[in-house]
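Work through the exercises below with the model open. Each task is followed by a solution in steps.

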Amino acid sequence: RQVGVVGKFVEFFGPGVAQLSIADRATIANMCPEYGATAAFFPVDEVSIRYLIQTGRDEEKVKHIKKYLEAVGMFRDFNRSSQDPDFTQVVELDLHTVVPCCSGPKRPQDKVAVSDMKTDFETCLGAKQGFKGFQIAPKHHSDRVKFVYEGSDFEITHGSVVIAAITSCTNTSNPSVMLGAGLLAKKAVNAGLTVKPYIKTSLSPGSGVVTYYLRESGVMPYLSQLGFEVVGYGCMTCIGNSGPLPEPVV
């Protein structure tokens, strides 16, 4: 967004790409709406060919595919810059600068480093009403609201979590991401952590295959214990298909 890729086709290349799995590449390409591009893609390389073999494609057919791509100049070795085409614009990204981040407080393209999340949100509370502001008077920043849910007393304040979803997207077909969520759930349960009962939780994987490997890896019970049950496969909370929040919370 900052560079200005809206309406453009983005191709990822360079030695860093060779270190990314197909699942990681699919995740990055799938996020092109967040950075505004019309399309985003990774050229075919040796990692792509290995993926075809690993997923059960006929080896003879895969050999023909590779030969064809090499013959027409579409097969890439990302460590050989001589194969790079001429681009209208090149943007360099040092992978060492990539840090965990989140989005918000209102738009998915408004990136916030996790390390800056608390400060950024506190700033947004008092900032002018807009994408990065709620224009709440300083005297109300610490306001708390009490309510009763299922017979128990609770209270929430600005920034309280009331909905938590692992939602359907290419991201939720990425084994490293999904198993990471499962392992985090396992550690949380083993540490005695729980989820407040009024928080609306859901798990909507990218496909049934995800449910299969979460079960086979033994992490599904931990996700379930924290309230992250499979609610379906398809677009869910990200596009507003979460259903209503509990009335006492609203």
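**Exercise 1. The hairpin**

Task: Which strands form a hairpin with 2 residues between them, and which residue in the turn has a positive phi?

Solution. The model is predicted. Start with the strands. S5 and S6 form the hairpin. Strand S5 covers residues 144-149 and strand S6 residues 152-157. Their pairing is antiparallel and runs over 6 bridges. Next, check one partner: Phe147 is bridged to Phe154 in S6. Finally, look at the turn. Glu150 has a positive phi there, about 50 degrees.

**Exercise 2. The segment after H8**

Task: Is Val249 buried or exposed? Find what Val249 is in contact with beyond its neighbours within four places in sequence.

Solution. Locate the residue: Val249 sits in the segment after H8. Then take its relative accessibility. The value is 13%, and buried means under 20%, so Val249 counts as buried. Now list its contacts, leaving aside neighbours within four places in sequence. They are Phe147, Ile156, Val162 and Tyr198. Phe147 is the residue of the hairpin whose bridge partner is Phe154. Take Val162 last. Val249 and Val162 are 87 residues apart in sequence, yet their C-alpha atoms are 7.6 Å apart in space.

**Exercise 3. Helix H6**

Task: Compare the span that helix H6 should have with the distance between its end C-alpha atoms. Then assign its buried and exposed residues.

Solution. Helix H6 has 16 residues, 175-190. At 1.5 Å a residue, they should span 22 Å. The end C-alpha atoms are 22 Å apart, which agrees.

Move to the side chains. Met178, Gly182, Ala185, Ala188 and Val189 are buried in H6. These residues cover an arc of only 120 degrees around the axis, which puts them on the same side of H6. Residues three or four places apart point the same way because an α-helix has 3.6 residues a turn.

Now turn to the face away from the buried side. It carries the exposed residues Leu184, Lys187 and Asn190. What do the buried residues of H6 pack against? Their partners are strand S7 (163-166), strand S8 (200-203), helix H7 (208-216) and helix H8 (220-225). After H6 comes Gly192, with a positive phi near 85 degrees.

**Exercise 4. Strand S7**

Task: Which side chains of S7 are buried, and in which sense does S7 pair with S8?

Solution. Follow the alternation along S7. Ala164 and Ile166 point to one face and are buried. Ile163 and Ala165 point to the other face and are not buried. For the pairing, S7 and S8 run in the parallel sense over 4 bridges. One of these bridges joins Ile163 to Lys200 in S8.

**Exercise 5. The second largest pocket**

Task: How much space lies in the second largest pocket, and which residues are closest to its centre?

Solution. The volume is about 430 Å³. The lining has 16 residues, of which Ala164, Leu184, Val195, Leu226 and Phe228 are closest to the centre. Two elements, S7 and H6, give two or more residues to this lining. H6 gives the most, with 4 residues.

**Exercise 6. The whole chain**

Task: Describe the protein by its elements, extent, burial and contacts.

Solution. Count the elements: 8 helices and 8 strands. Along the principal axes, the C-alpha trace spans about 70 × 45 × 30 Å. Of the 250 residues, 28% count as buried. Last, take the contacts with a separation of 6 or more: 64% of them are accounted for by residues 24 or more positions apart.

Terms used:
Residues are numbered from 1 along each chain as its sequence is written. This is a predicted model: local features need pLDDT of at least 70, side-chain atom pairs count only at pLDDT 80 or more; totals for chains, interfaces and linings use all residues. Side-chain values use heavy atoms; hydrogens and water are left out. Two strands pair if DSSP finds at least two bridges between them. The expected span of a helix is 1.5 Å times one less than its number of residues. Buried means under 20% relative accessible area, exposed over 50%, partly exposed in between (1.4 Å probe, protein chains only). The arc is that of the directions from the helix axis to the C-beta atoms. Contact means heavy atoms within 4.5 Å. On a 1 Å grid over the protein atoms alone, a cavity is a set of points where a 1.4 Å probe fits but cannot get out, and a pocket is an open set with protein on both sides within 12 Å along at least five of seven lines; lining residues have an atom within 4 Å of a point. Grid points are joined across faces, edges and corners, and a volume is the space filled by probe spheres set on the points.
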